[in-house]
Amino acid sequence: MAIRFPAIALAKHIIRRSNLVANQVAKDIPKGFLAVYVGESQKKRFIVPISLLNQPSFQELLRKSEEEFGFNHPMGGITIPCREDVFVEITSRLS
């Protein structure tokens, strides 16, 4: 019997969906990282370690992202609907 962890399942889903679109543009992203686009009107690209996917604060950002944008991202990464300064503050505490 396998034990399922919601965070791991969410991470796998996010990586699988973003990899489908991002294979051509992901050549500049190191292994173990993923691209996210952050901002309210103008999006800025950040490269973050996939270890952040296990953090509850980051998972909440991803849930909001899924609600607002879904997982179909033409820019080849995940779009997170928050201000850049908030994103930087959250991720700097998690790293």
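**Figure 1. Strand 1 and strand 2 pair in the antiparallel sense**. In this predicted model, six bridges join the two strands. One position along this pairing is F33, which stands opposite P49 of strand 2. Strand 1 and strand 2 together form a hairpin, with five residues between them. The turn of the hairpin includes G39, whose phi is positive, at about 145°.

**Figure 2. Strand 1 also pairs with strand 3, in the parallel sense**. Strand 3 covers residues 78-80, and three bridges connect it to strand 1. At one of these positions, V36 has I78 in strand 3 as its bridge partner. Strand 1 itself comprises residues 33-38. Five of its six residues are buried, so strand 1 is largely enclosed by the rest of the structure.

**Figure 3. F46 and F87 form an aromatic pair**. A search of the whole structure finds two aromatic pairs, and this view shows the one between F46 and F87. The ring centres are 5.0 Å apart, and the planes make an angle of 50°, an arrangement described as tilted. The pair links distant parts of the chain: F46 belongs to strand 2 (residues 44-49) and F87 to helix 3 (residues 84-94), with 41 residues separating them in the sequence. F46 has a relative accessibility of 17% and therefore counts as buried, because the cut-off for this class is under 20%. F87 is likewise buried, with a relative accessible area of 1%.

**Figure 4. F58 and F87 form the other aromatic pair**. Here the distance from centre to centre is 6.3 Å and the angle between the planes is 55°, so this pair, too, is tilted. F58 lies in helix 2 (residues 56-69), whereas F87 lies in helix 3. The pair therefore ties together parts that are 29 residues apart in sequence. F58 is buried, and its relative accessible area is 1%.

**Figure 5. Three phenylalanine residues form one aromatic cluster**. The members of the cluster are F46, F58 and F87. Which residue takes part in both the pair with F46 and the pair with F58? F87 does, as it is paired with F46 and also with F58. The cluster includes F46 from strand 2, F58 from helix 2 and F87 from helix 3.

Definitions and conventions:
Residues are numbered from 1 along each chain as its sequence is written. This is a predicted model: local features need pLDDT of at least 70, side-chain atom pairs count only at pLDDT 80 or more; totals for chains, interfaces and linings use all residues. Side-chain values use heavy atoms; hydrogens and water are left out. Rings of Phe, Tyr and Trp (its six-membered ring) pair if their centres lie within 6.5 Å; planes under 30 degrees apart count as stacked, over 60 as edge-to-face and the rest as tilted. Helices (H or I, at least four residues) and strands (E, at least two) are DSSP runs, numbered from the N terminus. Buried means under 20% relative accessible area, exposed over 50%, partly exposed in between (1.4 Å probe, protein chains only). Two strands pair if DSSP finds at least two bridges between them.
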